[in-house]
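These are my notebook entries on one protein model. I set down in turn what I looked up and what I found.

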Amino acid sequence: MIQRLLIANRGEIAVRIALTAQRLGIHTVAVYSDTDARAMHVAMADEAVRIGPDAAAESYLNIEAVVAAARATRVDAIHPGYGFLSENADFADACDAAGIRLVGPSADAMRAMGDKAASKYLMSRAEVPLVPGYHGADQEPELLAEKAAEIGYPALIKASAGGGGRGMRIVEDADDFDEALAAAKREASGAFGDDRVLIEKYLTTPRHIEVQVFGDDHGNIVHLFERDCSLQRRYQKLIEEAPAPGMTEVRRAEIGAAAVAAARAIGYSGAGTIEFIVDASEEGANGPFYFMEMNTRLQVEHPVTEFITGLDMVEWQLRIANGQPLPLAQDDIALSGHAIEGRLYAEDPARDFLPSPGHVVAFDAPEPTAATRIDTGVRSGDDIAVSYDPMIAKVIAHGADRDSAIAALDRLLSELVCAGPTTNQAFLRRAVTHPAFVSGDLDTGFIARHIADLVPPRVGLPRDVLSAVTACLLAVRGEAAAARAASQGEVNSPWAATDGWRANIDSGETLRFQDGETNITVQLARDAAGWSLMRTDQVPIDVTHGAGGWSVHVSGNSFLAVAGGEQIRLERVVEVEEAFARAGDSGGLNAPMPGKVVRVMATEGDRVTRGQTLLVLEAMKMEHAITAPGDGTVAAVFFAAGDQVSEGAELLQLEAMGD
Ligand code: ADP
């Protein structure tokens with residue numbers, strides 16, 4: 001029996017695996033790269049081992065380092081998660097050699113399915129339907145062009161060793177073939193060190209439908225129904241659901257049987273996924289289906305299957321690795337309701353989904369319920385590392401039917417707060433509530449076809465964002481209590497919480513912000529009635545958004561207003577810092593991290609010189625000096641010794657000399 005388990009992964013999947021292992025009383029060992037030393041998956045494991053620097057090749061992909069960590073911690077088994085070493089047959093061999101069980105299939109099964117061309121050959125022998133195409137060993141360009149002409153255009157060139165959509169090229173007609181082949185081969189050899197390709201008929205209205213299978217060491221194989229993963233960008237999945245919308249019971253049984261036959265053909269043991277491509281042009285989910293590839297691991301999107309079956313798939317994997325038979329027979333596995341997952345990424349839908357890693361200022365996920373779940377490895381204050389996949393979380397909801405699953409997912413997405421990096425959160429809400437999605441009219445071209453609806457341009461600044469941001473600014477400047485409230489996220493009644501504010505703005509202060517390319521100037525004043533705010537520019541106010549409801553999160557001079565899954569970032573322009581920056585100086589007057597003020601060495605009216613220490617902050621048992629970014633006069637000091645400050649809190653105000 002597995003009693004000690006090393007999880008050779010990071011992020012949400014490492015956390016998710018550890019949760020099940022710990023529930024089963026298994027001692028968990030995490031591994032980490034330098035960047036991840038304080039990551040959530042490390043914090044929650046019973047034990048953790050550093051395996052190398054940030055570069056994945058030297059840490060999470062480093063077979064020797066992972067096996068050495070497993071030996072050193074005397075684990076009985078390793079769970080590889082997905083990605084990284086999960087489908088690496090050499091790693092499976094190395095585990096074998098070290099006498100450590102790998103929670104996954106045999107190295108032989110990984111090898112058989114690791115190559116798209118070889119696996120297609122195997123599947124054709126098992127009579128699993130294949131997309132019309134060529135997957136032979138002969139790679140002569142002339143022959144490949146001939147095969148493409150036989151199959152007919154449009155054709156698709158795919159890297160045999162491919163994954164993640166890389167090394168894939170659509171060819172519209174024969175004239176473009178040579179160039180596309182060269183490009184696909186270049187990309188494939190760069191990404192996989194292997195430039196072999198295969199050619200397939202390119203389906204113009206395809207749906208990606210995959211079947212979850214499980215096998216054990218006793219020859220039993222079952223399927224856990226299908227998932228529809230047609231909502232993709234760059235050939236990568238973004239929204240997945242189970243069951244496939246519109247699929248009939250008859251087709252479900254057929255595609256499930258084909259998947260079981262495929263797994264049986266290689267004597268499969270463990271969790272696996274048979275990916276099919278469905279020609280949805282005429283019959284939607286019930287159109288002809290063809291084997292695409294098999295993934296010999298747990299998939300990112302497995303939670304939707306867990307919701308509709310009520311099963312814990314990691315538990316099944318661990319039982320199978322223990323040599324136990326499958327917990328249920330096919331007839332005992334029932335499908336209930338509908339589940340949908342949206343992948344929350346640090347990426348910018350408006351810039352062709354370009355990854356946008358960055359600092360997560362606030363991450364506040366609603367507690368899981370029987371029908372909702374957020375899988376993540378990210379907490380407030382973490383960074384989305386540039387070295388790895390920019391997925392932040394998986395947001396998953398279950399309902400009695402598809403409409404209620406959509407409604408529950410939309411609600412969950414609107415409640416989730418993720419402030420900091422640019423994300424696709426609002427995009428996901430628009431996608432799942434889009435009339436075409438709601439009616440089940442899907443294929444892999446969905447996102448491209450509806451991109452104008454899914455990424456609408458923002459006109460102006462929503463009503464109340466400015467007042468919420470200004471309120472937050474005042475609260476952060478205010479007494480320590482107000483600062484603590486702001487660090488909790490919500491600033492409920494900041495106008496009342498700013499009594500500590502006593503500096504030079506009673507007579508009026510001009511605040512400048514940058515909203516993307518747009519400059520915003522407001523005049524802040526205080527009179528007997530309280531604070532008032534006046535726009536002194538012509539920037540339009542967007543009145544389509546409802547009033548209020550914005551919570552504001554601060555990081556340095558960035559103010560992140562969040563409501564209903566939308567995020568608006570206003571960068572405060574601080575004149576003194578702007579002037580110093582122009583002169584080539586750097587440094588800011590905000591708390592670089594949450595901490596406690598231990599000494600204040602400047603008072604209002606002091607003339608200070610560049611580099612002079614103004615205040616000392618204690619954070620993580622270390623002292624950090626806040627120094628003057630340039631010569632100037634201290635206009636205001638917002639905190640006293642002993643005060644707690646939240647990250648990004650403005651500590652002092654400085655006026656540049658000669659301003
Ligand atoms: P990878 O392993 O690189 O992810 P796959 O073979 O799994 O590549 O294909 C990824 C995606 O590419 C599929 O989900 C589908 O959207 C698209 N695709 C693959 N094969 C075809 C095809 N023959 N016709 C149209 N689209 C395809």
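Entry 1: terms and model. I call a residue buried when its relative accessible area is under 20%, exposed when it is over 50%, and partly exposed in between. I also note at the outset that the model is predicted.

Entry 2: positive phi angles. I looked up Phe84, which has a positive phi of about 40° although it is not a glycine. I located Phe84 in the loop between β4 (77-79) and α4 (89-97). Because its relative accessible area is 26%, I class Phe84 as partly exposed. I then turned to Arg234, another residue other than glycine, and read a positive phi near 50°. Arg234 sits in the loop between β11 (221-233) and β12. Its relative accessibility is 44%, so I enter Arg234 as partly exposed.

Entry 3: cis peptide bonds. I checked the bond from Tyr153 to Pro154 and found it to be cis, with omega near -5°. Pro154 belongs to the loop between α7 (141-151) and β7 (155-159). I also recorded a cis peptide bond between Ala242 and Pro243, where omega is about -5°. For Pro243 I noted a place in the loop between β12 (236-242) and α9 (249-265).

Entry 4: the ligand. Which residues are closest to the ligand? I found 21 residues around the ligand, and the closest are Lys116, Gly165, Lys201, His208 and Gln232. I sorted the residues of this shell by type and obtained 8 nonpolar, 7 polar and 6 charged.

I next looked at individual contacts. A polar atom in the side chain of Lys116 is 2.6 Å from an oxygen atom of the ligand. In His208, an N or O atom of the side chain is 2.8 Å from a ligand oxygen. For Glu293, I read 2.9 Å between a polar side-chain atom and an oxygen atom of the ligand. On its own the ligand has 550 Å² of accessible area, and the protein covers 96% of this.

Which strands each supply at least two residues of the shell? I listed β7, β9 (197-201), β10 (206-215), β13 (270-279) and β14 (289-295). Where does the ligand lie with respect to the domains? Domain 2 (111-129 + 137-201) and domain 3 (206-454) both give residues to the shell, and therefore I place the ligand between them.

Entry 5: cysteines. A disulfide is a covalent bond between the sulfur atoms of two cysteines. The rule I applied asks for a pair of cysteine sulfur atoms within 2.5 Å. By this rule I counted 0 disulfides. Why does Cys472 form no such bond? The closest cysteine sulfur, in Cys418, is 17 Å from the sulfur of Cys472, which is too far for a bond. I also looked up burial: Cys472 is buried, because its relative accessible area is 1%. Cys95 has a relative accessibility of 1%, so I count Cys95 as buried.

Entry 6: two residues in loops. I looked up Glu301 in the loop between β14 and α11 (302-309). Is Glu301 buried or exposed? With a relative accessible area of 1%, Glu301 is buried. I noted that the side chains of Glu301 and Gln299 are joined by a polar contact of 3.0 Å.

I then found Ser356 in the loop between β17 (354-355) and β18 (362-364). The relative accessibility of Ser356 is 17%, so I enter Ser356 as buried. Its side chain reaches the backbone oxygen of Thr422 at 2.8 Å.

Entry 7: sequence and space. I selected Leu238 in strand β12. Leu238 is buried, because its relative accessibility is 0%. Along the chain, Leu238 and Tyr345 are 107 residues apart, and I read 8.9 Å between their C-alpha atoms.

Last, I looked up Ser439 in the loop between α15 (435-438) and α16 (446-449). Ser439 has a relative accessible area of 56%, so I class Ser439 as exposed. Between Ser439 and Tyr82 I noted 357 residues in sequence and 32 Å in space, taken from C-alpha to C-alpha.

Technical notes. Residues numbered from 1 in each chain as written. Predicted model: local features only at pLDDT ≥ 70, side-chain atom pairs only at ≥ 80, totals over all residues. Heavy atoms only, no water. Helix = DSSP H or I, 4+ residues; strand = E, 2+ residues; numbered from the N terminus. Buried < 20%, exposed > 50% of the residue type's maximum accessible area, 1.4 Å probe, protein only. Near = heavy atom within 4 Å. Polar contact = N/O pair within 3.5 Å; in protein donor to acceptor, adjacent residues only side chain to side chain. Areas by Shrake-Rupley, 256 points an atom, 1.4 Å probe, with all protein chains shown as cover. Nonpolar A, V, L, I, M, F, W, Y, C, P; charged D, E, K, R; others polar. Domains from an automatic or database assignment.
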